[in-house]
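Reader: I would like a close look at a single helix of this protein and at what surrounds it. Please keep to what can be computed from the coordinates.

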Amino acid sequence: KSRYFINTYNKKHGFGVFFITNIGGTKNKDITEIRAWFVDVDFAKIQEVFESEEEAARRGFQLEQTGEFISIKVELEKGKYILRAVYNQKTLQKKKQAYLLDHKERLNNAVILEVYAGFHIYFLAREATINNWTKIENALIEKFNGDVQVKKLANLMRVNGFLHQKYDDSFETKVIQWSDKAF
């Protein structure tokens with residue numbers, strides 16, 4: 001029943017399905033045991049800042065001509081013009097393939113979940129401590145060019161097999177590599 005309930009809310013209502021990698025609770029202070037370090041690699045969007053609306057519009061037109069984006073928006077924020085663009089699936093797939101090829105050896109012992117925007121990469125932990133988790137997490141984010149905002153002990157991460165519906169196109173998340181190796 002719960003699987004049906006979760007699937008219904010995911011597929012019909014657009015809710016994401018997430019889990020917390022580490023054990024103990026839903027807040028950083030509640031985490032008592034480390035299961036893994038993780039890196040969120042995101043290729044889906046670009047953001048550029050411009051002084052004038054004309055500059056932003058000119059850049060938006062250039063990006064539009066490439067055919068690589070599903071959306072391009074310019075918004076005024078705090079006196080600056082912010083251009084935000086989201087890549088289409090064809091371009092994202094090329095970026096994903098290039099990333100995996102570039103990091104093939106270094107990701108050999110990782111669990112890799114493919115999401116719409118890129119990957120969630122997990123390095124399983126054995127006897128890790130909360131004290132060393134942050135230092136290692138930051139080093140992995142830097143090494144693999146991960147999202148620097150995704151580094152909380154109790155961070156929500158997407159669950160395999162459910163739709164990722166954050167963008168205009170939905171995408172079923174899937175494990176593309178498994179490893180039992182623990183560090």
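Author: What follows takes one helix in detail, after a short account of the whole chain and before two residues elsewhere.

The model is a predicted one. Its protein has 183 residues, of which 40% count as buried. Four helices and eleven strands make up its list of secondary structure elements. The C-alpha trace spans about 55 × 40 × 35 Å along its principal axes. The accessible surface is about 11,300 Å², and carbon and sulfur atoms account for 50% of that area. On the charge side, there are 29 positive and 24 negative side chains, with the centres of the two sets 6 Å apart.

The helix in question is α3, residues 89-102. Its length is as expected: at 1.5 Å a residue, its 14 residues should span 20 Å, and the C-alpha atoms at its ends are 20 Å apart, which agrees. The residues Q89, T91, L92, K96 and Y99 of α3 are buried. Because these buried residues cover an arc of only 155° around the axis, they lie on the same side of α3. The face turned away from that buried side carries exposed residues, namely K90, K94, Q97, L101 and D102. A leucine is thus found in each set: L92 is buried, whereas L101 is exposed.

The buried residues of α3 have five strands as packing partners: β2 (36-42), β5 (80-87), β6 (111-115), β7 (118-124) and β10 (171-172).

One of these strands, β5 (80-87), leads to a residue outside the helix. S71, found in strand β4 (residues 69-77), touches R84, A85 and V86, leaving aside residues up to four places away in sequence. S71 has a relative accessible area of 18%; the cut-off for buried is under 20%, so S71 counts as buried.

Contacts that link distant parts of the sequence can be put as a share for the protein. Among contacts between residues at least 6 apart in sequence, 62% join residues at least 24 apart. A separate example of distance along the chain is F162, in the loop between β8 (156-158) and β9 (163-164). F162 and N7 are 155 residues apart in sequence, yet their C-alpha atoms are 7.5 Å apart in space. Although F162 sits in a loop, its relative accessible area is 7%, so F162 is buried.

To return to the helix, α3 has a buried side with Q89, T91, L92, K96 and Y99, and these residues pack against strands including β2 and β10.

Key
Residues numbered from 1 in each chain as written. Predicted model: local features only at pLDDT ≥ 70, side-chain atom pairs only at ≥ 80, totals over all residues. Heavy atoms only, no water. Helix = DSSP H or I, 4+ residues; strand = E, 2+ residues; numbered from the N terminus. Buried < 20%, exposed > 50% of the residue type's maximum accessible area, 1.4 Å probe, protein only. Contact = heavy atoms within 4.5 Å. Areas by Shrake-Rupley, 256 points an atom, 1.4 Å probe, with all protein chains shown as cover. Lys, Arg positive; Asp, Glu negative; His and termini not counted. Charge placed at Lys NZ, Arg CZ, Asp CG, Glu CD. Expected span 1.5 Å × (residues − 1). Arc of directions from axis to C-beta.
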